[in-house]
Amino acid sequence: MLFSTLALTLLGLLGLTSAIPTPIELAPRCGTTLVPAFLQQVSEANPSLVEPDTMSTGGDFHVSQSTDAYGNIIDRVYQIAGFEDIPSGSYGCQLGITFPPDYPITSTGVPTLNITTLFNGESSSICYPNEISWDSLYPPTSPPLGQGLFGTVTMTPGTTQVVNSESCPLGGGNLAFLFSIAVWETQPASVEFNEYVNALNGAGLAGVYLTYDS
């Protein structure tokens, strides 16, 4: 299921009263840069709930976990970022993150995030946010997750980081990634920010992005 190009508007982060600064103009990257076509969270506390796409309503990106009285990890919230319409013949698909200095990121501590790729039953990438819930990600058999850890990242203002590269979809298509608090983080932790795209000229960018060559 493909989504049309979204005209994106920046909304303030929840709980922040100051305006989000305009991201800096980045040096040109090789190839083509894509921003997420959709952002969707999945919640352990509401495992059957299909959360809405937030990319068209401010770009909320949220990952978190809590602990119970015995120190067990509970109430995990994972974040899906999906990229669409990667052309046939593309190569060198590379996931990265970028934030200008002082970009507002609300976090508990500075947790590391694990990143996993998402796949459908035919081992091709998926981008179906209106069908994804915690339960659909973790069925009894054959969960739609990639093989092993794709990468790790720490969301920090003033940084640009390359997470990892992979083959672009054969024949063109979509890529989707799942962000979660790293398994070695045993305390309550959270990261939240607003994915930012300057829709007027395409120059400004803050958050998750994908590049490819063709």
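Q: What makes L39, Q41, T54, Q79, E192, F193 and N194 contacts of D60?
A: Contact means heavy atoms within 4.5 Å, and D60 meets this with L39, Q41, T54, Q79, E192, F193 and N194, leaving aside its neighbours within four places in sequence. The model is predicted, so local features need pLDDT of at least 70 and side-chain atom pairs count only at pLDDT 80 or more, while totals for chains, interfaces and linings use all residues. Residues are numbered from 1 along each chain as its sequence is written, and side-chain values use heavy atoms, with hydrogens and water left out.

Q: Why is the pair D60 and Q41 called a polar contact?
A: A polar contact is a pair of N or O atoms within 3.5 Å; within protein, one must be able to donate a hydrogen and the other to accept it, and residues adjacent in sequence count only if both atoms are side-chain atoms. The side chains of D60 and Q41 are joined at 3.3 Å, so the pair qualifies.

Q: How do you know that D60 has no salt bridge?
A: A salt bridge needs a side-chain nitrogen of Lys or Arg within 4 Å of a carboxyl oxygen of Asp or Glu. The nearest side chain of opposite charge, R76, is 18 Å away from D60, so the criterion is not met. D60 is nevertheless buried, meaning under 20% relative accessible area with a 1.4 Å probe, protein chains only.

Q: What makes the set with F61 and L95 a nonpolar core?
A: The term covers buried Ala, Val, Leu, Ile, Met, Phe, Trp, Tyr and Cys residues joined through side-chain atoms within 4.5 Å. The largest such core has 36 residues, and F61 and L95 are among those with the most contacts inside it.

Notes. Buried < 20%, exposed > 50% of the residue type's maximum accessible area, 1.4 Å probe, protein only. Lys, Arg positive; Asp, Glu negative; His and termini not counted.
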